[in-house]
Amino acid sequence: MRRDDTNVDNEKRGKLLLLSAVIALSMFLSRIILSEQVAVWRIFLDASIYFVGVVIGLLWAFNFQVKKQSFIYLFQAALFVASQVLFVDFFFFQKFNRIYEAFILLILIVAVFFACYFVFLMVNTLNVNLFKPIPLAQVGRTISYISSIFMVYSLTFTFLISGLPIYVIFPSILLFYLIIVGMHYYNIEIEGRELVRKTLITTLIMYVLLLTVVFSGNSQEIISIVPVVGYFISVNMVTHERISSLKDSVINIYLLLLLITLVSVFVLNIWG
């Protein structure tokens with residue numbers, strides 16, 4: 001029986017590696033073939049295709065052995081991949097000179113490959129945990145936290161630099177903040193009214209912090225850090241609150257970190 005389980009795990013890992021490689025390779029080839037800048041709607045369409053492809057690919061990797069709750073994990077992984085596709089497209093083509101593109105693209109694609117693989121392992125761990133509790137579930141939740149940080153940064157940067165109308169940019173950012181925060185809190189087993197309350201509070205903190213600095217300059221790479229810090233602080237405070245009472249010293253450290261971040265962003269935007 002153990003040997004059968006090992007074979008199944010190896011098969012899953014092989015499929016997840018293959019899926020990660022296909023994503024990274026397809027991103028690399030598409031950037032090479034479509035070397036010129038493409039329309040914004042095409043970039044978002046490509047990201048949507050990756051989203052659907054990842055969901056289908058993970059279902060195939062898991063041999064369709066999933067529960068209803070599993071789709072939260074699948075959608076989180078798919079959104080992570082889509083956010084990285086958007087980030088690479090907008091950041092890569094608009095921020096680097098041609099002479100360095102091939103080298104930088106290769107580094108980004110390799111990073112995407114490993115990031116996708118670890119996120120897919122997270123989905124596998126959390127999915128298996130639905131059928132039988134396993135110690136590695138906590139590792140999966142940690143990866144969920146890290147991946148959500150990257151999603152917040154990537155999607156904030158994407159919409160700020162996309163050139164879309166303001167009435168599209170800010171509602172879209174707010175919506176994705178709600179989705180990202182809600183999925184992670186669900187992954188760490190926050191449920192019911194507590195899930196809704198903490199998701200709304202965390203999202204509001206992130207959104208207000210973004211609005212505080214978004215018009216301070218044109219350095220979207222720097223501005224996008226601020227909601228990430230807000231997310232980091234909020235999630236850590238929630239974690240501290242669940243483990244033990246939140247101490248004043250911890251709150252003061254987080255407030256100091258937030259203050260330093262805001263001041264640094266304003267200064268860098270002014271000097272930039």
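These legends accompany close-up views of a predicted model.

**View 1. Helix 7 from end to end.**
Let's start with the helix as a whole. Helix 7 runs over residues 192-213, 22 residues in total. At 1.5 Å a residue it should span 32 Å, and its end C-alpha atoms lie 33 Å apart, which agrees.

**View 2. The two sides of helix 7.**
Which residues of helix 7 are buried? They are Leu195, Lys198, Thr199, Thr202, Thr203, Met206, Tyr207, Leu209, Leu210 and Val213. These residues cover an arc of only 160° around the axis, so they sit on the same side of helix 7. Look to the other side of the helix and you will find Arg193 and Leu204, which are exposed. As background, an α-helix has 3.6 residues a turn, so residues three or four places apart point the same way.

**View 3. A salt bridge within helix 7, Lys198 to Glu194.**
Staying with the same helix, we can zoom in on one charged pair. Lys198 and Glu194 form a salt bridge, with 2.7 Å between their closest N and O atoms. The two residues are four apart in helix 7, so about one helical turn separates them. Are the two partners buried or exposed? Lys198 has a relative accessible area of 5% and is buried, being one of the buried residues shown in View 2. Glu194, at 31% relative accessibility, is partly exposed.

**View 4. A salt bridge within helix 1, Glu11 to Lys15.**
Now we move to helix 1, which covers residues 2-33. Here the side chains of Glu11 and Lys15 meet in a salt bridge, at 3.2 Å from N to O. Both residues belong to helix 1 and are four residues apart, about one turn of the helix. Glu11 has a relative accessible area of 36%, so it counts as partly exposed. Lys15 has a relative accessible area of 11%, below the 20% cut-off, and is therefore buried.

**View 5. A salt bridge between distant parts of the chain, Glu189 to Arg141.**
How far apart along the chain are the partners in this pair? Glu189 and Arg141 form a salt bridge whose closest N and O atoms are 2.9 Å apart. This pair links distant parts of the chain, 48 residues apart. Glu189 lies in the loop between helix 6 (166-187) and helix 7, while Arg141 belongs to helix 5 (residues 137-161). Arg141 is buried, at 12% relative accessibility. To place these close-ups in context, the structure holds four salt bridges, among them the pair Glu189 and Arg141.

Note on methods. Residues numbered from 1 in each chain as written. Predicted model: local features only at pLDDT ≥ 70, side-chain atom pairs only at ≥ 80, totals over all residues. Heavy atoms only, no water. Expected span 1.5 Å × (residues − 1). Buried < 20%, exposed > 50% of the residue type's maximum accessible area, 1.4 Å probe, protein only. Arc of directions from axis to C-beta.
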